[in-house]
Amino acid sequence: MELAEAKKKFIETWGKLGSEWGINRTMAQVHALLLISPEALTTEEIMETLSISRGNANMTLRDLMGWGLIEKQHKAGERKEYFYADKDTWNIARQVAKERRKRELDPVLKALDELTKVEGDVNDPEYKTFNKSVTDINKLAKNVDRTLDTMLKAEESWFWGSIFKIFK
């Protein structure tokens, strides 16, 4: 397989993976393109490479910056904006985990904390079932949150070393 074909396949695969994780396919493809580009790219270069509209490119770039996965750069003497993605996969994983935590886990934890405080008759089977389910899910969610917290603070080698020790 030639490099050009491999790049295209990587971009397509990253796009499919992103959509499986609930991320817009185009957003994942733009991120993939920037990941494999040694230099920062302009909006026009991204549009041309991926055959996407200016509106789609601008919205996608804004979303990727919002996720903290790319940064905008300016080159002296040029009016164009350039976009660059961090190539460190550990940084990418931590940033995605941080954003997903903020967007998904934090609201769930807040709701579960509120739901665990619902009062009722401990002898009522409906209340007991509800309370046990909510309390168990809250406990699991808090464990996930603590694990994410550890991951976000950890260095890559320490984190994976710790994970592998669990499975030995």
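Here is a short chat about how the two domains meet and how one sheet is put together.

Colleague: What kind of model is this, and how are residues numbered?
Modeller: It's a predicted model, where local features need pLDDT of at least 70, side-chain atom pairs count only at pLDDT 80 or more, and totals for chains, interfaces and linings use all residues. Residues are numbered from 1 along each chain as its sequence is written, and side-chain values use heavy atoms, with hydrogens and water left out.

Colleague: What makes domain 1 and domain 2 the parts of this protein?
Modeller: The bounds come from an automatic or database domain assignment, which gives 3-85 for domain 1 and 89-165 for domain 2.

Colleague: How do you know which residues of the two domains are in contact?
Modeller: Contact means heavy atoms within 4.5 Å; seven residues of domain 1 and six residues of domain 2 are in contact on that rule.

Colleague: What is the area of about 650 Å² that the domains bury?
Modeller: Buried area is the accessible area (1.4 Å probe) that two parts lose on being put together, summed over both. Here 68% of it is on carbon and sulfur atoms. Trp21, Trp67 and Leu69 supply 70% of what domain 1 buries against domain 2, more than any other three residues.

Colleague: How many salt bridges cross that interface?
Modeller: Zero; one would need a side-chain nitrogen of Lys or Arg within 4 Å of a carboxyl oxygen of Asp or Glu.

Colleague: Why are strand 2 and strand 3 called paired?
Modeller: Because pairing needs at least two bridges found by DSSP, and five join strand 2 to strand 3 (residues 81-85), running antiparallel. Strands themselves are DSSP runs (E, at least two residues), numbered from the N terminus. Ile70 stands opposite Ala85 in strand 3.

Conventions:
Helices (H or I, at least four residues) and strands (E, at least two) are DSSP runs, numbered from the N terminus.
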